[in-house]
Amino acid sequence: MTNDEMIQNINDWQECDVTHEMTCGNDSSHKPLYPVEEDGKIIMKCHDCDWSQEHIPKCVLNFDKEKANKFIEGLGINVIREPKGKEKNLF
Ligand SMILES: [Zn+2]
């Protein structure tokens, strides 16, 4: 997998309605972390403070939006929509 593909997967994970996004280790109310490439390596950074982390779980790096959508459809449920910011995370 290329770094660009990893960044795409991470962004898909961070934006997906039913995953729990990676958040800042200093303050989880900060905006979700975003990926950047540094010295050829992908790391996560916080928009709101100087938090950064190198560890990115495999399920995030390998996240496949199409598969996730198919899985959610296969459950035969509609994701319950609540007011923005209060969506329920299923996993
Ligand atoms: Zn932060």
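How many residues lie between β1 and β2 in the hairpin that they form, and which residue in the turn has a positive phi? In this predicted model, two residues separate the strands of the β1–β2 hairpin, and aspartate 39, located in the turn, adopts a positive phi of about 50°.

The hairpin belongs to a protein whose secondary structure consists of three helices and three strands. Along the sequence these elements are arranged as α-β-β-β-α-α, with the three strands placed between one helix before them and two helices after them.

Strand β1 covers residues 34–38 and strand β2 covers residues 41–45. The two strands run antiparallel and are joined by five bridges. Within this pairing, tyrosine 34 has lysine 45 in β2 as its bridge partner.

Strand β2 also pairs with strand β3, which comprises residues 52–53. This second pairing is likewise antiparallel and contains two bridges. Methionine 44 is placed opposite glutamine 53 of β3. A hairpin is formed here as well, with six residues between β2 and β3. Strand β2 is thus bridged to β1 and to β3. In a regular strand, side chains alternate between the two faces of the sheet.

Over the whole protein, 12% of the 91 residues count as buried. Contacts were also examined by separation along the sequence. Of the contacts between residues at least 6 apart in sequence, 45% connect residues at least 24 apart.

Key: Residues numbered from 1 in each chain as written. Predicted model: local features only at pLDDT ≥ 70, side-chain atom pairs only at ≥ 80, totals over all residues. Helix = DSSP H or I, 4+ residues; strand = E, 2+ residues; numbered from the N terminus. Buried ≥ 20, exposed ≤ 12 C-beta atoms within 10 Å, placed from the backbone. Contact = placed C-beta atoms within 7 Å. Pairing = 2+ DSSP bridges.
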